[in-house]
Amino acid sequence: MRPFYRQPLFIICSLVLITLGSYQLIFQQLLKQSQQLSLKHGVEFNQYLNLQLTRFSTLTDTLAQRPELQQLLQNPTVAAQQTALSQLLADFNLASGSASIYLMDPQGVVLASSNYGEPVSFMAYNFGFRPYFTETIRANKSYVDYGLGWVSNERGIYFASTVSNAQQQILGVLTVKLNIDQLELAYQSIASQSPLLFMLVDEEQTVIASNHEPWRLTWLGEDATTRPRHPGVTLHALKVKQQGPLWRLASDPLQQPDQSKQYAVTVKDNQRLPWQLVLLQPAAPLKVQAIQLATSLCLFLSVLLLAISFWRSRRQQQRQKAVMFTQLELAVAERTESLQQSNQQLQHEIQQRNEAEQGLQQAQEQLLQAAKLATIGQLSASINHEINQPLTAMHSYLQSAQLLLQKARYSELAENLDKISQMLLRLNHIVKQFKSFSRKAANSPAPVRLKHVIENALGILQPALKQQQAQIQLQDVAATQVKVDPLQLEQVLVNLLGNALQAAAQNSSPSLTIQINQSVDKAILQIHDNGPGIQPHVMEHLFEPFFTTKQGSGLGLGLSISRQIVQSYHGNLQIENHPAGGAIVTLTLPRYISE
């Protein structure tokens, strides 16, 4: 009879217990890893938040001491002073990246505002009921508060400071508002591709910020409620149920209030404000991963047990066969001696031939693998750089589409979506072109007007041009044509114009001058920027692969690949400093003359 530990039922029960125990251990380890990642992100985000609080508190206190504010508060009816101070606040608002800056008299009436010239302005509004105003007046010191904008209906952090005269009499209150959206975008940069979600919760358990939109302006309680800080807004309940490091709460309290999910949670307190940073990771993927690993362990043990059982059975059979073989060998030993020698020689020859064939096969595989790796390395460098520019344009169009959707401007939204569709087709074409280029295959050139390709490239860079308010001068008096692949040339021009735009951005009034000329057989394109020019030690390395002056961005392949594309059409690409300042790029291609 078998021992009890070799009975099938005992083995199955043991495997089940091992699987359950390993699942718990693995799940707890995954929770620890999630908490470690959450703490890392929490520390980084709190550092960013504290930096912003210090920055805008300092800005508010510094602005409150300017004499222009005291002069207007002492003479509030002078319209010229109101306009001048509002423009000054608008300049500081633009430079600091704040949402708005405004000055109120002792009754809370806005006398000057950074948005004085916009359709929705704070001018003449009375914010005397807002906590940041009343608390600042009461305590006669700087105050930081959170709330929902009464006019703008946007979430924000308010930094308030009193404006006093030489006798320390309170003349008014200066307020700087920072939109919460900036904190949410900052967290996305910190978390990158991490699956972690976050909530920024105030002392009233209100979720004031989150990278999960349905959680914004909700609270951790059981029932929907309202808060004075959020006039006209119902705070839907997340219905949080805490189970140690796991929370169960509604993932969409507005659309699906009765459906909840479980999250692994880490809480990090803020040192300056009574707020908590709550970092959440969905628990379901962690459980699935733990189940998979525990199941794999169970299967491994099962296979190991089967292998041991098979080995024991096989060993017993081998022992029985060994006895039979010994008897047989003794009987035929004399008759098989010559046959064994021949057999041994034949086996030796077969082994040598097998070893030779294996060596040849390994050499062939190594050569094939080396060729594959070389091709992949050539393609990955090109595609990584050239696809980045259309993707940047798609990102800009998507941001515009979000704004148009919020403003219900559907016709313009449709145009944006059509442009995104065109970009996707462009990306597909770019990948095909790079595959062909890397294999040095023939392209499909066609006659195209050089000005049209430049205009397409400027269209891709249009968001950056608007952001930097760059002036573009395009001169083409001869309607010059070249015979190239339009998309490849467009990629070259996007790279050259993008570099020129980045250089010109260092000037307070950035501008690019694009001039198209032609000779008897050449088309000449020149791009001149008003940037600082190129340093001599940089000039000699411009076209080297992987050389870049853009710290933290770029692979240093743009100019190298651009020159290869231009040279493939028997053209030339040169960059030098212009005598009048800045750099000038000269692109020369064979001119196309129609018959």
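Q: Hi! At what angle do helix H2 and helix H3 pack, and how far apart are their axes?
A: Helix H2 (residues 67-74) and helix H3 (residues 79-96) pack at about 150°, with their axes 10 Å apart. Helices (H or I, at least four residues) and strands (E, at least two) are DSSP runs, numbered from the N terminus. Axes are lines fitted to C-alpha atoms, for helices over the stretch in contact, and angles run from 0 to 180 degrees between N-to-C directions.

Q: Is this model predicted, and what should I know about numbering?
A: This is a predicted model, where local features need pLDDT of at least 70, side-chain atom pairs count only at pLDDT 80 or more, and totals for chains, interfaces and linings use all residues. Residues are numbered from 1 along each chain as its sequence is written, and side-chain values use heavy atoms, with hydrogens and water left out.Q: Thanks. Back to that angle of about 150°: what does it make H2 relative to H3?
A: H2 and H3 pack at an angle of about 150°, which makes H2 roughly antiparallel to H3. Angles under 35 degrees count as roughly parallel, over 145 as roughly antiparallel, 65 to 115 as roughly perpendicular and the rest as oblique.

Q: Which residues make the contact?
A: Glu68, Leu69, Gln71 and Leu72 of H2 make the contact with Gln81, Gln82, Leu85 and Leu88 of H3. Contact means heavy atoms within 4.5 Å. These residues divide into 4 nonpolar, 3 polar and 1 charged. Here Ala, Val, Leu, Ile, Met, Phe, Trp, Tyr, Cys and Pro count as nonpolar, Asp, Glu, Lys and Arg as charged, and the others, Gly among them, as polar.

Q: Cool. How do H10 and H12 cross?
A: The axes of helix H10 (residues 450-460) and helix H12 (residues 486-504) come within 9 Å and cross at roughly 55°. That makes H10 oblique to H12.

Q: And what meets what there?
A: In H10, the residues are Leu450, Val453, Ile454, Asn456, Ala457, Leu458 and Ile460, and they meet Pro486, Leu489, Glu490, Leu493, Val494 and Leu497 in H12. By type, the residues of this contact divide into 11 nonpolar, 1 polar and 1 charged.

Q: New topic: in what order do the strands of the open sheet come?
A: The open sheet has 5 strands in the order E2-E1-E5-E4-E3, with antiparallel pairing. Strand E2 (110-113) and strand E3 (143-148) are the edge strands, each pairing on one side only. Two strands pair if DSSP finds at least two bridges between them.

Q: How many bridges join E1 to E5?
A: Strand E1 (residues 100-104) is joined to strand E5 (residues 170-179) by 5 bridges, and the two run antiparallel. Ser100 stands opposite Lys177 in E5.

Q: What about E17: which strands does it pair with?
A: Strand E17 (residues 511-518) pairs with strand E15 (residues 471-476) in the parallel sense over 6 bridges. With strand E18 (residues 522-529), E17 pairs in the antiparallel sense over 7 bridges. A hairpin of 3 residues joins E17 to E18.

Q: Now Ser562: buried or exposed?
A: Ser562 counts as buried, at 1% relative accessibility. Buried means under 20% relative accessible area, exposed over 50%, partly exposed in between (1.4 Å probe, protein chains only). Ser562 is in helix H14 (residues 558-568). Leaving aside neighbours within four places in sequence, Ser562 is in contact with Val492, Asn495 and Leu573.

Q: Last one: where is Asn140?
A: Asn140 is in the loop between helix H4 (131-139) and E3. Asn140 has a positive phi of about 55° although it is not a glycine, and its relative accessible area of 37% makes it partly exposed.
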